[in-house]
Amino acid sequence: MRKLAVGAIAAGLFAVSAGTAAAVSWHTIPTQSTGGGSFTSGQYAFWPSNQNHGAFEWAGNLNDTDNGDGHNVYMQVRVEGYDWSRYNGKQKQSVPLDRLNWDGAALHTDDAYIRVCRDKGSLNPDNCSSTKHYQR
């Protein structure tokens, strides 16, 4: 009888945790673009506290849209008041990206900012798309 009760409790805990894993909902990031670069097919999700560090996960395609300019493109993502994180693309290519960003001092991330930029070198300022803000 005791083994049956322990088995039922274990099965119940497994079912609850499996339901939590399926509870992550993905949302669309509209196409972001700037002169020379774009971010397409974007999606994001906020993970719960007990999974993937409670992170902001984002995915999509980073595209170099001006093959002749000699400049690279990159994504910038910022969470919870931290500084921007940079994710480089490749010149003359489209690169699929899927990354997690989180606040290491918190159980989960509530705020995230994302934008695409073109790296114009050290003497010229980079140009970036408008910044998108997402909240849990």
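This section describes the fold, the core, the disulfide and selected residues of a predicted model.

The protein chain contains one helix and ten strands. The helix comes first in the order of elements, which runs α-β-β-β-β-β-β-β-β-β-β from the N terminus. Of the 136 residues, 35% count as buried. The accessible surface of the chain comes to about 7800 Å². Carbon and sulfur atoms account for 52% of that surface. Contacts between residues at least 6 apart in sequence were also examined. Of these, 57% join residues at least 24 apart.

Strand β5 spans residues 72-79. Seven of its eight residues are buried, so the strand is mostly covered under the 20% limit on relative accessible area. β5 pairs with two other strands. Its partner β6 covers residues 85-88, and the two run antiparallel over four bridges. Within this pairing, M75 stands opposite Y87, and Y74 has N88 as its bridge partner. Five residues lie between the strands of this hairpin. In the hairpin, E80 takes a positive phi near 50°. The other partner is β8, which is joined to β5 by eight bridges, again in the antiparallel sense. Here R78 of β5 is bridged to Y113 of β8.

The largest nonpolar core has 18 residues. F56, W58, M75 and I114 have the most contacts inside it. Five strands each supply at least two residues of this core: β3 (37-46), β4 (56-64), β5, β7 (94-101) and β8. β5 gives the most, with four residues. M75 shows how one core residue is surrounded. Leaving aside neighbours within four places in sequence, M75 is in contact with residues that include F39, W58, L62, L97 and I114. The contacts of M75 also include Q32, S85, R86, Y87, R115 and V116. Two of the residues with the most contacts inside the core, W58 and I114, are thus among those that M75 touches.

Y87 lies in strand β6. Its relative accessibility is 16%, so Y87 falls under the 20% limit and counts as buried. Beyond its neighbours within four places in sequence, Y87 is in contact with W58, L62, Y74, M75, V77, L97, R99, L100 and N101. With N101 there is also a polar contact of 2.8 Å between the side chains. Q76 is eleven residues from Y87 in sequence. In space, their C-alpha atoms are 6.4 Å apart.

A search of the whole structure finds one disulfide. It is formed by C117 and C128, whose sulfur atoms are 2.0 Å apart. The pair links distant parts of the chain, with C117 in strand β8 and C128 in strand β9 (residues 127-128). The two cysteines are eleven residues apart. The torsion about the S-S bond is about 105°, so the disulfide is right-handed. The two cysteines fall into separate accessibility classes. C117 has a relative accessible area of 0% and is therefore buried. C128, at 31%, is partly exposed because this value lies between the 20% and 50% limits.

R118 also lies in strand β8, which covers residues 111-119. R118 has a relative accessible area of 13% and is therefore buried. Polar contacts of its side chain reach two residues. The side chains of R118 and D69 are joined by a polar contact of 2.9 Å. A polar atom of the R118 side chain also lies 2.8 Å from the backbone oxygen of G35. Not counting residues up to four places away in sequence, R118 touches several groups of residues. Among them are T34, G35 and G36, along with D66 and D69. R118 also touches H71, N72, V73 and Y74, and further contacts are made with D126 and N127. Of these residues, Y74 is the bridge partner of N88 in β6.

Definitions and conventions
Residues are numbered from 1 along each chain as its sequence is written. This is a predicted model: local features need pLDDT of at least 70, side-chain atom pairs count only at pLDDT 80 or more; totals for chains, interfaces and linings use all residues. Side-chain values use heavy atoms; hydrogens and water are left out. Buried means under 20% relative accessible area, exposed over 50%, partly exposed in between (1.4 Å probe, protein chains only). A polar contact is a pair of N or O atoms within 3.5 Å; within protein, one must be able to donate a hydrogen and the other to accept it, and residues adjacent in sequence count only if both atoms are side-chain atoms. Contact means heavy atoms within 4.5 Å. Accessible areas come from the Shrake-Rupley method with a 1.4 Å probe; for residues, only the protein chains shown count as cover. Two strands pair if DSSP finds at least two bridges between them. A nonpolar core is a set of buried Ala, Val, Leu, Ile, Met, Phe, Trp, Tyr and Cys residues joined through side-chain atoms within 4.5 Å. A disulfide is a pair of cysteine sulfur atoms within 2.5 Å.
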